[in-house]
Amino acid sequence: KADSLRPYGPELYCESYQVLEIPDGAVVYCDPPYEGRTKAHHFESFDYEEFWEWVRGLSSRCTVITSCFECPSDFVTMHSWGDTVVRHNHGKGSDGTDEKLVMLSC
């Protein structure tokens, strides 16, 4: 009977945000490479300005939640973990940053 639940469950993809076809009304969680931090994942380049513009456009028809340390000023914090502990790459403990979940402000 698990197949009968498939149309109602979440769909997870590991793709460039630019190629996804996202239906209206979807709830979208974005976890972009953290600017100035995500070197371990071998991102040669990531256009943050283009990404935030894409989030703005998608937010007009979907609920979009993004994790980040830094975001443009037109986004609001939904939740903040405060001074975070870097959990990978030989983390050195608290580093004064604010990891958070954000959404475009209304």
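R61 is partly exposed, with a relative accessible area of 36% (partly exposed lies between buried, under 20%, and exposed, over 50%, with a 1.4 Å probe and protein chains only). The side chain of R61 meets that of D24 in a salt bridge, with N and O 2.8 Å apart; here a salt bridge is a side-chain nitrogen of Lys or Arg within 4 Å of a carboxyl oxygen of Asp or Glu. The partner, D24, is exposed at 61% relative accessible area. Because D24 sits in the loop between α1 and β1 and R61 in the loop between α2 and β2, the pair ties together parts that are 37 residues apart in sequence. The model described here is predicted, so local features need pLDDT of at least 70 and side-chain atom pairs count only at pLDDT 80 or more, while totals for chains, interfaces and linings use all residues. Residues are numbered from 1 along each chain as its sequence is written, and side-chain values use heavy atoms, with hydrogens and water left out.

A step back to the whole chain helps to place this pair. The protein holds two helices and four strands, and from the N terminus on these run in the order α-β-α-β-β-β. Helices (H or I, at least four residues) and strands (E, at least two) are DSSP runs, numbered from the N terminus. Of the 106 residues, 26% count as buried. The accessible surface comes to about 8000 Å², and carbon and sulfur atoms account for 53% of that area; areas come from the Shrake-Rupley method with a 1.4 Å probe, and for residues only the protein chains shown count as cover. Among contacts between residues at least 6 apart in sequence, 60% join residues at least 24 apart, a contact being heavy atoms within 4.5 Å.

The salt bridges continue in helix α2. The count for the protein comes to three. Side chains of opposite charge can pair when their charged atoms come close. R56 pairs with E53 at 2.7 Å, N to O, and both residues lie in α2, three residues apart, or about one turn of the helix. R56 also forms a salt bridge with D74, where the closest N and O atoms are 2.7 Å apart. Since R56 belongs to helix α2 and D74 to the loop between β2 and β3 (75–85), this second pair ties together parts that are 18 residues apart in sequence. E53, R56 and D74 are thus linked in a network of salt bridges. R56 is partly exposed at 22% relative accessibility, as is E53 at 48%, and D74 is also partly exposed, at 26%.

Turning to the interior, what makes up the largest nonpolar core? The core has 15 residues, of which V28, W52, C62 and V64 touch the most other members. A nonpolar core is a set of buried Ala, Val, Leu, Ile, Met, Phe, Trp, Tyr and Cys residues joined through side-chain atoms within 4.5 Å. The elements that give two or more residues to this core are β1, α2 (48–59) and β2 (63–68), and α2 gives the most, with five. Leaving aside residues up to four places away in sequence, V64 touches V28, C30, V55, L58, S59, V102 and M103. T66, found in strand β2, is buried at 0% relative accessibility. With the same sequence neighbours left out, T66 touches C30, P32, F51, W52, V55, K100, L101 and V102.

C30 brings up the cysteines. The structure holds zero disulfides, a disulfide being a pair of cysteine sulfur atoms within 2.5 Å. For C30, the closest cysteine sulfur is that of C62, 9.9 Å away and therefore too far for a bond. C30 itself is buried, with a relative accessible area of 7%. C68 is in no disulfide either, and the nearest cysteine sulfur to C68 is that of C71, at 4.3 Å. C68 is buried as well, at 3% relative accessibility.

On the outside, Y13, V19 and L20 make a nonpolar surface patch of about 300 Å². Patches are made of residues with over 30% relative accessible area and no salt bridge, with like charges joined within 9 Å and nonpolar side chains (Val, Leu, Ile, Met, Phe, Trp, Tyr) within 5 Å. V19 lies in the loop between α1 (2–5) and β1 (27–30) and is exposed, with a relative accessible area of 54%.
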